[in-house]
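Here are my notes on this one, set out as numbered points so you can go through them with the model open. Have a look at the structure first, then read on.

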Amino acid sequence: MKTKMAHRLSARQALPAISGESQRLPQPAQSDWEAWIAYFQHNAAHLMEIGWQDNYELTSDERRMISASVQQFQLGESSEGKHVLSLARRYVVSRGDENYLSALKSFIREEQRHSQYLARFMETQNISLTHSDAIDSIFRCLRHIFNLELSIMAMLTAEIIAMPYYQALHEATYSPLLRQICRQLLRDEVRHLQFQVDTLYMLRQNRSFIVTGITHACHHILLTGTVLVVWHQHKSVLAAGGYSFAAFWRETWRHFHRLFGQSNGARSA
Ligand SMILES: [Fe+2]
Ligand SMILES: [Fe+2]
């Protein structure tokens with residue numbers, strides 16, 4: 001029991017660092033896509049050390065708690081982003097900055113790396129990959145019917161959820177490998193939040209206040225629904241990581257409000 005408490009304490013102490021908010025990495029300016037490309041290149045060249053040779057075996061309790069949940073997140077991270085790339089290509093041709101497309105490709109590569117990390121971890125623990133999941137299918141379907149802005153909003157919603165989720169997963173397991181992976185993912189995800197907000201800032205320039213306000217209200221609804229569904233589906237990991245539903249709710253909205261401030265989403269934080 002004492003060991004478990006000590007483990008929880010050390011994990012909590014590590015959280016400010018793994019949240020990435022205090023990492024001294026390049027800080028791209030808003031909608032400065034060249035700076036984002038440079039950031040993604042820098043990040044890819046300075047990844048955290050991951051001890052893949054770790055021989056820790058998940059306990060049966062851990063396995064029961066995280067297997068299905070990690071399967072879903074691994075699948076969610078695996079998108080090739082074909083649809084959003086084709087929407088972005090159209091946007092760039094009509095009026096955008098070519099560099100945005102390159103930055104978006106780099107961002108998608110990072111998400112695929114997340115998927116590969118989780119898949120590699122699952123392989124070490126004999127957890128099979130899944131190829132379909134209801135929530136993932138809904139998100140993919142939404143991204144397919146949405147325009148670029150709505151697709152980015154759906155992706156940003158997933159990024160916001162990923163923050164408390166990977167923090168919870170980090171605390172819910174004794175696996176050194178999985179904890180290292182969570183730390184790297186959190187360090188990346190915190191930048192992804194700003195990347196997506198910068199994209200929305202670009203897309204909402206010269207937009208009427210009312211239209212942006214309505215879109216932002218839709219984002220509230222999307223995040224509310226997602227928080228409810230994700231809590232229902234991943235409660236075991238979130239609770240083991242120290243989140244009550246109220247804490248999970250507060251944490252997701254804290255990220256949302258930090259990113260958008262009190263604005264209606266027309267200006268990023
Ligand atoms: Fe990710
Ligand atoms: Fe992400």
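**Notes on the helix packing**

1. Start with the pair at the top of my list: helix 2 crosses helix 5 in a left-handed sense. Bear in mind that this is a predicted model. The axes of helix 2 (residues 33-45) and helix 5 (residues 98-124) come within 8 Å and cross at roughly 30°. An angle under 35 degrees counts as roughly parallel, and so helix 2 is roughly parallel to helix 5. On the helix 2 side, the residues in contact are W33, E34, W36, I37 and F40. They meet N99, Y100, S102, A103, S106, F107 and E110 of helix 5.

2. Now the wider view. There are 10 helices in the protein and 0 strands, so if you write out the elements from the N terminus on, you get α-α-α-α-α-α-α-α-α-α. Of the 269 residues, 38% are buried. Take the contacts with a separation of 6 or more: 80% of them are between residues 24 or more positions apart.

3. A second helix pair to look at is helix 3 (residues 60-76) with helix 7. Their axes are 12 Å apart and the packing angle is about 145°. The crossing of helix 3 and helix 7 is left-handed. Contacts come from M65, I66, F73 and G76 in helix 3, and from A158, Y165, L169 and A172 in helix 7.

4. Next, helix 10, beginning with a length check. Its 16 residues (245-260) should span 22 Å at 1.5 Å a residue, and the end C-alpha atoms are 23 Å apart, which agrees. The expected span is 1.5 Å times one less than the number of residues, in case you wonder about the arithmetic. Just after helix 10 comes G261, with a positive phi near 60°.

5. Which residues of helix 10 are buried? They are F248, E251, T252 and H255. Looking down the axis of helix 10, you find these buried residues within an arc of 90°, so they line one face of the helix. The face turned away from that buried side carries the exposed residues A246, R250 and H257. As for what covers the buried residues of helix 10, the list includes helix 7 (148-172), helix 8 (176-203) and helix 9 (209-240).

6. I160 is a handy residue for following that packing from the other side. It lies in helix 7 and has 25 other C-beta atoms within 10 Å. The threshold for buried is 20 or more, so I160 is buried. Leaving out residues up to four places away in sequence, I160 touches L193, L223, T252, H255 and F256. Two of those names, T252 and H255, also appear among the buried residues of helix 10.

7. How far apart are I160 and R254 in sequence and in space? They are 94 residues apart in sequence, and their C-alpha atoms are 9.4 Å apart. R254 is found in helix 10. With 13 other C-beta atoms within 10 Å, R254 is partly exposed.

8. F245 is also in helix 10. It is partly exposed, having 14 other C-beta atoms within 10 Å. F245 and K235 are 10 residues apart in sequence, with a C-alpha to C-alpha distance of 8.3 Å.

9. Two asparagines deserve a glance for their backbone angles. N126 has a phi near 55°, which is positive in a residue other than glycine. It is found in the loop between helix 5 and helix 6 (134-145). Is N126 buried or exposed? It is exposed, with 10 other C-beta atoms within 10 Å.

10. The other asparagine is N206, where phi is near 65°, again a positive value in a residue other than glycine. N206 is placed in the loop between helix 8 and helix 9. It has 5 C-beta neighbours inside 10 Å and so counts as exposed.

Technical notes
Residues numbered from 1 in each chain as written. Chains lettered and ligands numbered in written order. Predicted model: local features only at pLDDT ≥ 70, side-chain atom pairs only at ≥ 80, totals over all residues. Helix = DSSP H or I, 4+ residues; strand = E, 2+ residues; numbered from the N terminus. Buried ≥ 20, exposed ≤ 12 C-beta atoms within 10 Å, placed from the backbone. Arc of directions from axis to C-beta. Contact = placed C-beta atoms within 7 Å. Axes fitted to C-alpha atoms, helices over the stretch in contact; angles between N-to-C directions. Parallel < 35°, antiparallel > 145°, perpendicular 65-115°, else oblique. Left-handed = near helix turned anticlockwise from the far one by under 90°.
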